[in-house]
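The exercises below ask you to work through salt bridges and strand pairing with the model open beside you. Try each task before reading its solution.

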Protein chains: 2
Amino acid sequence: VDSSSENAGDSAHTARDDDPVFALHRGGKVEIRSTVGELDAALLSAAYTPGVAEVCLAIAADPALADIYTWRHHTVAVVTDGSAVLGLGDIGPAAALPVMEGKALLFKELGGVDAVPICLDVREVDDIVATVQRLAPSFGGINLEDISAPRCFEIERRLRDTLSIPVFHDDQHGTAVVVLAALKNAARLTGRELRDLRVVMSGAGAAGVAVCAILQNAGVGDVAVADRRGIIYSGRTDLNDVKRALAERTNSAGLNGTLEEAMAGADVFVGVSGGHVSEAAVASMAKDAIVFALANPDPEIHPDIANKYAAVVATGRSDFPNQINNVLAFPGIFKGALTAGSPSITEQMKVVAAQAIADVVGDDLAADYVIPDALDPRVAPAVAVAVEHCVRRED
Amino acid sequence: VDSSSENAGDSAHTARDDDPVFALHRGGKVEIRSTVGELDAALLSAAYTPGVAEVCLAIAADPALADIYTWRHHTVAVVTDGSAVLGLGDIGPAAALPVMEGKALLFKELGGVDAVPICLDVREVDDIVATVQRLAPSFGGINLEDISAPRCFEIERRLRDTLSIPVFHDDQHGTAVVVLAALKNAARLTGRELRDLRVVMSGAGAAGVAVCAILQNAGVGDVAVADRRGIIYSGRTDLNDVKRALAERTNSAGLNGTLEEAMAGADVFVGVSGGHVSEAAVASMAKDAIVFALANPDPEIHPDIANKYAAVVATGRSDFPNQINNVLAFPGIFKGALTAGSPSITEQMKVVAAQAIADVVGDDLAADYVIPDALDPRVAPAVAVAVEHCVRRED
């Protein structure tokens, strides 16, 4: 969840070979490698013609064998159109490629999942859906990435409805899973049940909608969501379809003012907006408030300020405690779903993933440790096992 | 060039774990690997957020930088619809995946090019063209593979016309380049110039059309092409557009009978059809005849029979001398084109690639050695350098 779009023009964004970040990216960050040893005549005739023909015919006769005799079973496409990249906004498919390569790197290093960056030069929902449907035979799963709202909702829904492999929009569900994990631990630390919490959210885009949904699925007492115009409620006349649906199933108290007005007495603030909230608003929250200010690089409120009033503060940044980072979720979720051969990623799989992440914290739970470190090596395997077991229970 | 479709039903094509070919394919043959070292907090923040944002913005400002700061510059998509896989015919995209993985393996091992298997579940020319156009921002080149004729011609032409990266249908041009390389050496061995040769070809599909074109571009005296109904000539009324174009620019002698009738007195036979030619037809060819019987696994005439009459015999098989294998061409051609930043693969680049392959044989030229071994490590680097120099000369 990023807020840096307003900063995009602050500096000259040119390539600098003496910059270690640019030096790191030179030539890209991933490669394709053979997994079948030294290339000699025997390998050539087994891995390619004529030997490969027998494998092709076996798959033609029984398509499920593609999951055994190709890389598909452990490979996902990381698909974007470059329309909502990080907090940078619509920078297009080529400029999005470094992010997708980074994602591929994380998929492999953390989850053992092979991921292929696919940056699409197309914007219409129908075209993106059709393109991903056509690509699907090559992949065991589809990770949608950095596609702008509200298109991302329809794209994901239609792909989920038509493909028999997991489809997961990470900006929505990865964020949602990690927020739920952190909130479970924050509630445990402060001695509250999820059902007793009143949550106010800032942001009704991809992440906001998904966070709201997972919190409700997990039994959070009430969630009210604000966009830039204030709290979303049933009477508002400026709502698109997605926000109208939000209005119908959130905000049971019927709030209708500003975000900051809604924060008065609230137990939890979750910011996924890139906006700002005042110190006074945080001060007005309930006792033992929980503040997740997730905009990057500029949290909705600085954690040092929030900590004056809140019992738990989390951000999206690595230089403060309690970093909410999607990397805790997607490698393990896909690893578990692919291992179990799941045709989709269900709400229940996300909830068990959140619990698995939360459980890694265990007895070390503290105000500055409600969520594991982004690179904690225990997380992805724990998530994968939890998701795999969830799939097998549902079978 | 394969002829095995008639044999597809001969055995039970089921997976057999005790078969070493199936064991080799278990889990697939390629993987994605990080190229940037151990994943730690510093790498996470440089390769992913927040560091990657600077690289994205630099590319957004100057799209050419994607060739420096992503893997695109050394990565191609190996794209098929599974409609003409090896000699197996239309087995669909999932069953084609083992071949595309094999191709990816060869691209990397021989050419140092990263190749991603992309098997498309779509058949209309318009849809395949649109899909590849949408994928293009992620890739430095497009290797089309195993797409049936005549659709492959229009697909390649339209992609070449609209994309600014190399597009290469290997079944056409890879075969053509290696045939030309072998023919150059066979002519040299038998003391003839290309312009003095009369060539008869069997097969007017993807490979046949491209072989015919490259031979004509290289200055071969006359080429006549036969399909299943006999020699293609201007008066034939059953020709599609592609064959009508062939009729107009081939067969200057105006032959109009059967393939075997046309072979009488011919200097060269090139079979890319999967059909058969009789011993008598080969016996009727000119002195020092050259026979390239390239159908796989069953050559148009067995090399032991052809050798009774011909000065040079080549096949598509690894268990006879002079194997015509595309693997001699595509890794080096793409490596050279990508290194030089060429926006396309021109006819001239194919001709220099053929010469580079032929030159590897050098002074070792003999009737059983007119073409290098498929895995000769000298070939791909020589082809890459020749192609790169060709591009730089044309600039």
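**Exercise 1.** In this predicted model, Glu388(B) has a relative accessible area of 18% and is therefore classed as buried. Determine which side chain meets Glu388(B) in a salt bridge, and how the two residues are placed in their helix.

*Solution.* Start from the cut-off: buried means under 20% relative accessible area, and Glu388(B), at 18%, falls in that class. Next, look for the partner, which is Arg392(B), with an N to O distance of 2.8 Å. Then place both in helix H16 (residues 379-394) of chain B, where they are 4 residues apart and so separated by about one helical turn. Finally, check the partner's surroundings: Arg392(B) has 42% relative accessibility and counts as partly exposed.

**Exercise 2.** Find the network that salt bridges with shared partners build in chain A, and describe the pair Asp238(A) and Arg229(A) within it.

*Solution.* The network joins Asp227(A), Arg229(A), Arg236(A), Asp238(A) and Lys243(A). Within it, the closest N and O atoms of Asp238(A) and Arg229(A) lie 3.4 Å apart. Asp238(A) is partly exposed at 34% relative accessibility, whereas Arg229(A), at 64%, is exposed.

**Exercise 3.** Identify the salt-bridge partner of Arg123(B), and state where the two residues lie along the chain.

*Solution.* The partner is Asp81(B), at 3.7 Å from N to O. This pair links distant parts of the chain, 42 residues apart: Arg123(B) belongs to the loop between strand E3 (114-119) and helix H6 (125-135) of chain B, and Asp81(B) to the loop between strand E2 (75-80) and helix H5 (93-111) of chain B. Arg123(B) is partly exposed at 32% relative accessibility, while Asp81(B) is buried at 1%.

**Exercise 4.** Describe how strand E7 (residues 222-227) of chain A is covered, and which strands pair with it.

*Solution.* Take the cover first: 6 of the 6 residues of E7(A) are buried, with Asp222(A), Ala224(A) and Ala226(A) on one side and Val223(A), Val225(A) and Asp227(A) on the other. Next, E7(A) pairs in the parallel sense with strand E6 (residues 198-202) of chain A over 5 bridges, and Met201(A) has Val225(A) as its bridge partner. Helix H9 (residues 206-217) of chain A completes a right-handed β-α-β unit with E6(A) and E7(A). Lastly, strand E8 (residues 230-231) of chain A runs antiparallel to E7(A), joined by 2 bridges; here Asp227(A) stands opposite Gly230(A), and the two strands form a hairpin with 2 residues between them.

Definitions and conventions:
Residues numbered from 1 in each chain as written. Chains lettered and ligands numbered in written order. Predicted model: local features only at pLDDT ≥ 70, side-chain atom pairs only at ≥ 80, totals over all residues. Heavy atoms only, no water. Salt bridge = Lys/Arg side-chain N within 4 Å of Asp/Glu carboxyl O. Buried < 20%, exposed > 50% of the residue type's maximum accessible area, 1.4 Å probe, protein only. Pairing = 2+ DSSP bridges. Right-handed = clockwise from strand over helix to strand, strands pointing away.
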